[in-house]
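User: I'm new to reading protein models. Could you walk me through how labels like "buried" or "tilted" get decided?

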Amino acid sequence: MADRDATTRKDNLHTGIPFWIKTPNSTVKANRRLSRERFDIIIIGAGITGALMAEALTRADKSVLIVDRRLPVRGSTSASTAMIQHEIDVPLTRLRKKIGEKRADAAWLRSVQAVGDLVNLTLKLNIECKMSFKPALYLAGNELGARALANEATERNKIGIKANYLKRTDLIERFGLDRTAAILSEASASANPAQLAAGLLRAALTRKAQIVSPVEITDMAELSSGVALATRQGEILIAEYAVFCTGYEYLPQMETKSHRITSTWALASKPMSDLPLWMGNMLVWEAADPYLYLRTDESGRIIAGGEDEEAQDSNADPTKLADKAAVIKEKVKKLTGIDIGQPKYVWSSPFGVTKDGLPIIDRVPGYERIFTAMGFGGNGITFAMIASQAITSAITGRTISDLELFSYR
């Protein structure tokens with residue numbers, strides 16, 4: 001078999017110990033040997049994107065083989081803070097200037113829909129992952145001040161995305177936070193990302209799916225009626241379609257100036273019993289660069305992150321891990337007045353971002369039957385949901401796909 005190399009880039013998908021890998025039911029058992037059976041679709045990647053993809057495709061009555069070079073749910077998914085936001089990294093008002101009003105509005109509305117669809121799917125499948133809707137508080141910072149946030153809230157409301165603009169006095173009175181302004185919105189959520197991905201994989205396994213790990217894909221070719229994938233061990237896998245759900249370990253064919261790899265850091269505190277009531281049901285992030293984001297879990301842990309750097313290997317530095325955790329801890333204290341003490345868990349990871357803040361969900365250039373999803377930025381789980389719906393629609397042809405909205409660029 002000879003076509004273009006299908007070896008994806010390789011990264012340390014996280015440094016340190018993410019909190020989620022210590023929680024129960026956060027992975028699934030994989031087969032060690034490949035089946036001789038032919039499948040409709042092969043999914044490369046057993047994280048949240050691959051899990052959502054497998055669930056959607058098997059629900060559409062497709063047979064699916066999921067392969068990963070690592071254990072399932074032990075890559076970048078476990079490094080997420082799982083703030084499942086409807087708010088895209090690039091504000092609506094700025095995105096309109098980048099890509100036009102019609103497309104920007106469609107992208108924001110699609111993101112809102114995806115969060116709702118994901119919460120409903122999780123409830124329907126009865127996945128135990130602490131999934132729940134949560135409001136998001138978007139605070140003024142060095143990127144957007146009070147006036148810009150007021151305009152942002154107005155424009156969101158015009159297209160049907162409810163956004164409540166809060167002045168400084170409102171913030172101090174309701175939350176004890178001293179910022180010039182904020183937007184309070186209702187359409188976000190949070191969950192345990194590892195339990196969510198594992199639950200989705202289990203749902204797929206009850207249908208027509210198998211998971212095999214470790215398997216590394218090294219080559220690919222498109223046939224007249226399908227695709228052929230070669231493994232590091234020399235096996236050839238045949239299917240009608242292939243979907244690369246490898247995130248920022250992307251295919252070389254997907255290299256583009258509109259996408260880059262950056263690094264982020266996060267921490268989780270010990271359970272805390274004296275947190276303000278509002279913090280238990282809120283996502284918080286800043287219109288700043290670098291920005292702070294935080295949430296709590298059901299046990300009262302504060303989970304916070306940020307301090308992103310445009311350097312893909314920075315996350316692997318253990319010294320920087322400790323330094324960044326100290327900065328995040330101090331920012332949490334400055335914002336909320338809460339000293340979390342020594343963090344229980346600290347971790348870091350790389351992630352892919354695009355210039356316009358939108359994901360790349362499309363066919364791999366030069367192929368009709370090979371798809372990929374990448375460039376999720378801070379909306380990893382939300383955009384993974386969109387990717388599963390868009391690519392399943394493209395493969396089954398049952399509904400209109402979102403591929404044009406999130407095409408390769």
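Analyst: Sure, let's go through some labels for this predicted model, starting with burial.

User: Why is Glu152 called buried?

Analyst: Buried means under 20% relative accessible area. Glu152 has a relative accessible area of 0%, so it is buried. Its place is in helix α4 (residues 146-158).

User: And what does Glu152 touch, leaving aside its neighbours within four places in sequence?

Analyst: Contact here means heavy atoms within 4.5 Å. With those neighbours set aside, Glu152 is in contact with Pro91, Leu92, Thr93, Trp108 and Ile183.

User: What makes Tyr241 and Phe371 an aromatic pair, and why is the pair tilted?

Analyst: Rings pair if their centres lie within 6.5 Å, and planes that are neither under 30 degrees nor over 60 degrees apart count as tilted. Tyr241 and Phe371 sit 6.3 Å apart, centre to centre, with 45° between the planes, so they pass as a pair and get the label tilted. Both of these residues are buried, too.

User: How do you know that this pair ties together parts that are apart in sequence?

Analyst: Look at where the two residues lie: Tyr241 is in strand β11 (residues 236-244), while Phe371 is in strand β18 (residues 370-374), so the pair ties together parts that are 130 residues apart in sequence.

User: Why is the pair of Tyr291 and Tyr293 called tilted?

Analyst: Their ring centres are 5.5 Å apart and the planes are at 50°, so this pair is tilted. Ring pairs also link these two with Tyr138 and Trp285 into a cluster. Across the whole structure, a search finds eight aromatic pairs.

User: Are Tyr291 and Tyr293 buried or exposed, and how do you know?

Analyst: The cut-off for buried is under 20%. Tyr291 has 17% relative accessibility, so it counts as buried. Tyr293 has a relative accessible area of 10%, so it is buried as well.

User: Now the largest pocket: how do you know where it lies relative to domain 1 and domain 2?

Analyst: Check who lines it. Domain 1 (15-79 + 194-257 + 357-405) and domain 2 (134-189 + 258-354) both give residues to the lining, so the largest pocket lies between them. Its volume is about 710 Å³. Of the 30 lining residues, the closest to its centre are Asp89, Val90, Arg260, Asp289 and Tyr291.

User: Which element gives the most to that lining?

Analyst: That's β16, with three residues. By class, the lining of the largest pocket has 13 nonpolar, six polar and eleven charged residues.

Key. Residues numbered from 1 in each chain as written. Predicted model: local features only at pLDDT ≥ 70, side-chain atom pairs only at ≥ 80, totals over all residues. Heavy atoms only, no water. 1 Å grid on protein atoms, 1.4 Å probe; cavity = no way out; pocket = protein on both sides within 12 Å on 5 of 7 lines; lining within 4 Å. Points joined across faces, edges and corners; volume = space filled by probe spheres on them. Helix = DSSP H or I, 4+ residues; strand = E, 2+ residues; numbered from the N terminus. Nonpolar A, V, L, I, M, F, W, Y, C, P; charged D, E, K, R; others polar. Domains from an automatic or database assignment. Buried < 20%, exposed > 50% of the residue type's maximum accessible area, 1.4 Å probe, protein only. Phe/Tyr/Trp six-rings, centres within 6.5 Å; stacked < 30°, edge-to-face > 60°.
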